[in-house]
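Open your viewer and get ready to click along. We will pick out one part after another and look at what is there.

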Amino acid sequence: MVCRIVLAVFMISLNAGVIMAQSDAIAARKALMKGNNDNARIAIQMMRGQQPFDAAKVEAAFVQWAETAQKLPSLFPEDSKTGEKTRATPKIWQNKKDFDEKAAAFAKSVAENRDKAKSSLDGLKAAIPVVGKACDNCHEDYRLPQQ
């Protein structure tokens, strides 16, 4: 009887750990994507003249985007395919190599356009479409539409 209770407690704690790990990966990637969106909004507002060009804010955006590109591939473990209203498509796990390559292309785009973007408003206007396209390349295949 004691063995059954111990085994049951162990199984419950094991399942709770799996759920937490799944939740942590999804929560982490959601937080990164929220940061991406927040920074993109700021950059676009600068481009439209809705807020003044600020090289420090542009730099902060590029730092955050570089962090996203670096962390993102590891935030899709097998046990995080569903839950927490994730918008990740099953294609990520079916074609992980392509997903990782697109994350690397995003990282490269961020790195190559960082100095140009923070140098001036014209530099930002030239850099953001390139970075945005690299971001969208991944979303086209690997993100479900918002519901």
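Start by selecting Lys 102 and showing its neighbours. Leaving out residues up to four places away in sequence, Lys 102 touches Asn 137, Cys 138, Asp 141 and Tyr 142, where touching, or contact, means heavy atoms within 4.5 Å. Lys 102 sits in helix α4. Helices here are DSSP runs of H or I with at least four residues, strands are runs of E with at least two, and both are numbered from the N terminus.

Before you go on, a word about what is on your screen: this is a predicted model, in which local features need pLDDT of at least 70 and side-chain atom pairs count only at pLDDT 80 or more, while totals for chains, interfaces and linings use all residues. Residues are numbered from 1 along each chain as its sequence is written, and side-chain values use heavy atoms, with hydrogens and water left out.

Is Lys 102 buried or exposed? Its relative accessible area is 17%, so Lys 102 is buried. Buried means under 20% relative accessible area, exposed means over 50%, and partly exposed lies in between (1.4 Å probe, protein chains only). Now draw a distance from the C-alpha atom of Lys 102 to that of His 139: they are 9.6 Å apart, although their positions lie 37 residues apart along the chain.

Next, select residues 96–119, which form α4. This helix has 24 residues and reaches 35 Å from its first C-alpha to its last, close to the 34 Å expected at 1.5 Å a residue; the expected span is 1.5 Å times one less than the number of residues. Look for a bend of about 45° at Asn 113, the bend being the angle between axes fitted to the seven residues ending there and the seven starting there.

Colour two more residues of α4. Asp 115 is exposed, with a relative accessible area of 55%, and its C-alpha atom is 8.4 Å from that of Glu 59. Ala 107 is partly exposed at 31%. The buried residues of α4 include Phe 99, Phe 106 and Val 110, and the buried set packs against α2 (55–71), α3 (91–94) and α5.

Now add residues 121–142, helix α5. It has 22 residues and spans 31 Å, close to the expected 32 Å. Find Ala 127, where α5 bends by about 25°, and then Pro 129, which follows within four residues. Among the buried residues of α5 are Leu 124, Ile 128 and His 139.

Show α4 and α5 together. How do their axes cross? They come within 8 Å and cross at roughly 170°; axes are lines fitted to C-alpha atoms, for helices over the stretch in contact, and angles run from 0 to 180 degrees between N-to-C directions. The two helices are therefore roughly antiparallel, the word for angles over 145 degrees. Residues making this contact include Phe 106 and Val 110 of α4 and Val 131 and Cys 135 of α5. The contact residues divide into 14 nonpolar, five polar and four charged. Here Ala, Val, Leu, Ile, Met, Phe, Trp, Tyr, Cys and Pro count as nonpolar, Asp, Glu, Lys and Arg as charged, and the others, Gly among them, as polar.

Finally, zoom out. The protein has five helices and zero strands, and buried residues make up 31% of its 147 residues.

Key. Parallel < 35°, antiparallel > 145°, perpendicular 65-115°, else oblique.
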